[in-house]
Amino acid sequence: MSLYGMMRTGVSGMAAQSNKLGTIGDNIANSGTTGYKRASTEFSSLLLQSGPGEYNSGAVNTSVRYAVSQQGAFNYSTSATDLGIQGNGFFLVSDATGTSYLSRAGSFTVDASSGNLVNTAGFTLMGYDITNGDPNVVLNGAGGLKPVRVADVRLAANPSRDGAFAANLPAADEVVTGSTPAANVAGSTYSQKSSLVTFDNLGSEVTLDIYLTKTSDSPIAWEMTAFDRADAATGGGFPYSSAPLATQTLDFDGLGNLTSTPSMALNVPGGQTLTLDLTGMTQLADRYTPLNATVDGNAPSSVSSVTIDKDGVVSAVDLNGRKSPLYKIPLAFVTSPDNLAPKAGNVFETTRESGGLQIGFANEGGLGTMVSGATERSNVDMASELTEMISAQRDYTANSKVFQTGSELLDVLMSLKR
């Protein structure tokens, strides 16, 4: 080996170990950074062609790898907008210019100026707007995504269109022989009564009085009649100033199961057609027991809080506790995540080696589950990093000794000429 080759090898080794010390320093510095992925330095030998009578020294090739696919532990918090991913997916985030990146850093907060969810590096969380139904998802790109904005959101009024009503009707109730509620006359009698709150087109509450009247024991039949409570007589009850909103016969078999049409449609005053699902109605030897009474729709109201479900649905909760879906956060994935290119701000960019971007949702295709109220910690192991630092420092010193020895030999050679 020539003296110059010896010195070149020493310098190459020093440079390689310097790169390793640099990655170790970055790892230690970012051991507390949310979603940071550990970098490691790998070496391979670079050999030059040598003849039988001589040896040409080579060098060391250095490559930096990132443990992007390695899951970090969770830090739990009380913030609903802190998000973690238990699985292989990535959040889609955007910078100020609209460029999309991948990230596992889910420490999102509400930006005061825009109202959007942004992480500590200033990247905006992107999602699909689902206020008008399911989104049109672009499977291999960020098309259709919008910033997830939760500040100053006000829930619009939604009229009632769907509901469900189920109850057990007492088999022991007597058959009503007089005027039933359907006749809407003073003195109309009934067996049971309940009320439901619905919403008109402007979000105003419309209370429905629902009367259930046993009309026959053989065959078993009941009458179900709905009125607008606002039309009730003074002091409540019959006669109502308007005709019934709907009247329907409920037929039951000998086992107490409903055999007639399992739904009833009625027009909410000032609103839309409401379809009530009645499939849970029964007539058994028990007391009158309402089992289910739900109606959709809501009045206009301010948002009191925001929730994010494990499937990525961002919902606004109003002052009455009603939830309204606003966005659905997608998850991205690539074939080889360890080959993603890291960028400033703890984000990643796709490369030819990583494979193209694919879009899905939590709990689908192995992308994992979204965890609200938690962030993913760095996957740096401090004990391993300190051990690697000691090893790299020792190797750096050894390579510097090679360079120093080559330099001393070169000095001896030059002195021979003198």
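A search of the whole structure finds twelve aromatic pairs. Rings of Phe, Tyr and Trp (its six-membered ring) count as paired if their centres lie within 6.5 Å; planes under 30 degrees apart are stacked, over 60 edge-to-face, and the rest tilted. One pair joins Tyr211 and Tyr240; the ring centres are 6.3 Å apart and the planes stand at 75 degrees, so the pair is edge-to-face. This pair links distant parts of the chain. Tyr211 lies in strand β14 (residues 205–217), Tyr240 in the loop between β15 and β16, and 29 residues separate them. Both tyrosines, Tyr211 and Tyr240, are buried, meaning under 20% relative accessible area, with exposed over 50% and partly exposed in between (1.4 Å probe, protein chains only). Ring pairs also connect Tyr190, Tyr211, Phe227, Phe238 and Tyr240 into a cluster.

The model is predicted; local features need pLDDT of at least 70, side-chain atom pairs count only at pLDDT 80 or more, and totals for chains, interfaces and linings use all residues. Residues are numbered from 1 along each chain as its sequence is written, and side-chain values use heavy atoms, with hydrogens and water left out.

The protein chain has two helices and 29 strands. These are DSSP runs, numbered from the N terminus: helices are H or I of at least four residues, strands E of at least two. Of the 418 residues in the protein chain, 42% are buried. Contacts (heavy atoms within 4.5 Å) often span the sequence: among those between residues at least 6 apart, 63% join residues at least 24 apart.

Ala230 is found in the loop between β15 (220–228) and β16 (246–252). Ala230 counts as exposed because its relative accessibility is 67%. Twelve residues along the chain separate Ala230 from Ser242, and their C-alpha atoms are 9.5 Å apart.

A charge also meets a ring. The charged end of Lys328 sits over the ring of Phe361, 4.5 Å from its centre. The criterion is NZ of Lys or CZ of Arg within 6 Å of the ring centre and within 35 degrees of the ring normal.

At the surface, Leu21, Met382, Leu386, Met389 and Tyr396 make a nonpolar patch of about 370 Å². Helix α2 (residues 382–417) gives the most to this patch, with four residues. Met382 has its place in helix α2. At 33% relative accessibility, Met382 counts as partly exposed.

Conventions: Patches are made of residues with over 30% relative accessible area and no salt bridge: like charges are joined within 9 Å, nonpolar side chains (Val, Leu, Ile, Met, Phe, Trp, Tyr) within 5 Å. Accessible areas come from the Shrake-Rupley method with a 1.4 Å probe; for residues, only the protein chains shown count as cover. A salt bridge is a side-chain nitrogen of Lys or Arg within 4 Å of a carboxyl oxygen of Asp or Glu.
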